[in-house]
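User: I'd like a close look at one part of this model, and I'd rather have one connected walk-through than a list. Here is what I have open.

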Amino acid sequence: MDANILQCYTDAGQIASKVLRETVKYASHNVDISVLELAQVAEARIIELGGQIAFPCNISINEIASHYTPPANDILKLQKGDVVKIDVGAHIDGYIADTAATIEISTTKHTELLDASKKALENVIAVTCAGVNTKDMGKIIEDTINGMGFLPIYDLTGHNLKQYCLHANMNIPNYAASFGNTLLEGDVIAIEPFATYGKGTTRNGDSHIFSLNKLFGKHIHNESNTHSKSLLDDLYNQYGYLPFARRWLEDSAGANIDNYVTTGDIIAYPVLHEISGGIVSQFEHTVIVEESGCIITTN
Ligand code: MN
Ligand code: MN
């Protein structure tokens, strides 16, 4: 890997992990914290530390597995006993770090559930190197989580990262899949085991996170709507194809997003609820694959 690119990845990793640590610490030692404030502080901190925001800070509570970012005016607060997944993304020049951790607010009822996804991540990182197949990584994750008495979330995966691209063409399954990809030296991947008391699949809820479709602009049915075309161009100039939050937009633009989801110009990332209401834990690191191991950028 080019030395400058490696530097960007490792700097982004340092920023994301520092912001995650700070956010976890702040959330752990307080109750009644506003989820909106927590997300905004985390996002502002990424900028303060010299990074760019790679995606809206996700704060997914209890049976919500992922993709909850607070909408504008959200009144949700963290409560005692909540199992909270905080997922932070930073980038430098498009080179992304994606990292997550789970905490339990002021109780210790779910320590084993948290340990299951954390241990699965540690076990799979320990064997990650060029030549390893992603389906075998999935088996390690599944075996670790099953061995501790839980199920993985089968329909959520890790992923590889490319410049300005959060989910590139490769998935890292959280179970022993039938097919996989062989890791190559220089691949950058986010590994993110999820463990649950539930059945291990998800259903869609509302959407607060979106991104432009790579084919945006080609789906517009109403060509006379030049005002709205400029919204898509504005979004492209601001975020490229990286995810953004509806709360980041002006009210009128935010209200227009759903029309573009319908036309296919914008992709919605709905909140993912565990299908049986089971509480979910998640840990995530971004790693760079090397010949005989890997570098964790988000340590
Ligand atoms: Mn993540
Ligand atoms: Mn990820």
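In what order do the three strands of the open sheet come, and is the pairing parallel or antiparallel? Please carry on from there to whatever sits around that sheet.

Analyst: Happy to, with one caveat up front: this is a predicted model. The open sheet has three strands in the order β5-β9-β13, and their pairing is antiparallel. β5 (151–152) and β13 (280–282) are the edge strands, each with a single partner, so one side of each has no neighbour in the sheet. Between β9 and β13 there are three bridges, again in the antiparallel sense. If you want a spot to click on, Phe 194 has Gln 282 in β13 as its bridge partner.

Now look at what covers those strands. Helix α3 (residues 111–127) lies across β9 and β13, and runs at about 40° to β13. Its length checks out: at 1.5 Å a residue, the 17 residues of α3 should span 24 Å, and the end C-alpha atoms are 25 Å apart, which agrees. The buried residues of α3 are Leu 113, Leu 114, Ala 116, Ser 117, Ala 120, Leu 121, Val 124 and Ile 125. Viewed down the axis of α3, the buried residues fall within an arc of 160°, so they line one face of the helix. The background to that is simple: an α-helix has 3.6 residues a turn, so residues three or four places apart point the same way. On the face of α3 turned away from the buried side you'll find Glu 112 and Ala 126, both exposed.

Next, the metals. Glu 192 sits in the loop between β8 (188–191) and β9 (194–196), while Asp 98 is in strand β4 (residues 95–104), 94 residues apart from it. Asp 98 and Glu 192 are both buried, and they help hold the manganese ion (ligand 2), whose full set of donors is Asp 98 (OD), His 159 (NE2), Glu 192 (OE) and Glu 284 (OE), at 2.1 to 2.2 Å. Along the sequence, the donor residues of that ion follow D-x60-H-x32-E-x91-E.

The manganese ion (ligand 1) is coordinated by Asp 87 (OD), Asp 87 (OD), Asp 98 (OD) and Glu 284 (OE), at 2.1 to 2.3 Å; Asp 87 appears twice in that list. The spacing for the manganese ion (ligand 1) reads D-x10-D-x185-E. Here too, distant parts of the chain are linked: Asp 98 in strand β4 and Glu 284 in the loop between β13 and β14 (285–290) are 186 residues apart. Both Asp 98 and Glu 284 are buried. The two manganese ions, ligand 1 and ligand 2, lie 3.2 Å apart, with Asp 98 bridging them. Glu 284 is also listed among the donors of the manganese ion (ligand 2) and of the manganese ion (ligand 1).

One more set of strands is worth a glance. β10 and β12 run antiparallel and are joined by eight bridges, with Leu 212 opposite Ile 266 in β12. Strand β2 (residues 64–66) also pairs with strand β12 (residues 266–274) in the antiparallel sense, over two bridges, and there Ser 66 has Leu 272 as its bridge partner. Back in strand β10 (residues 202–212) you'll find Ser 207. With a relative accessible area of 18%, Ser 207 counts as buried, because the cut-off for buried is under 20%. Setting aside residues up to four places away in sequence, Ser 207 touches Arg 246, Ala 268, Tyr 269 and Pro 270.

Technical notes:
Residues numbered from 1 in each chain as written. Chains lettered and ligands numbered in written order. Predicted model: local features only at pLDDT ≥ 70, side-chain atom pairs only at ≥ 80, totals over all residues. Heavy atoms only, no water. Donors = N, O, S within 2.8 Å, 3.2 Å for Na, K, Ca; no water. Helix = DSSP H or I, 4+ residues; strand = E, 2+ residues; numbered from the N terminus. Buried < 20%, exposed > 50% of the residue type's maximum accessible area, 1.4 Å probe, protein only. Pairing = 2+ DSSP bridges. Contact = heavy atoms within 4.5 Å. Axes fitted to C-alpha atoms, helices over the stretch in contact; angles between N-to-C directions. Expected span 1.5 Å × (residues − 1). Arc of directions from axis to C-beta.
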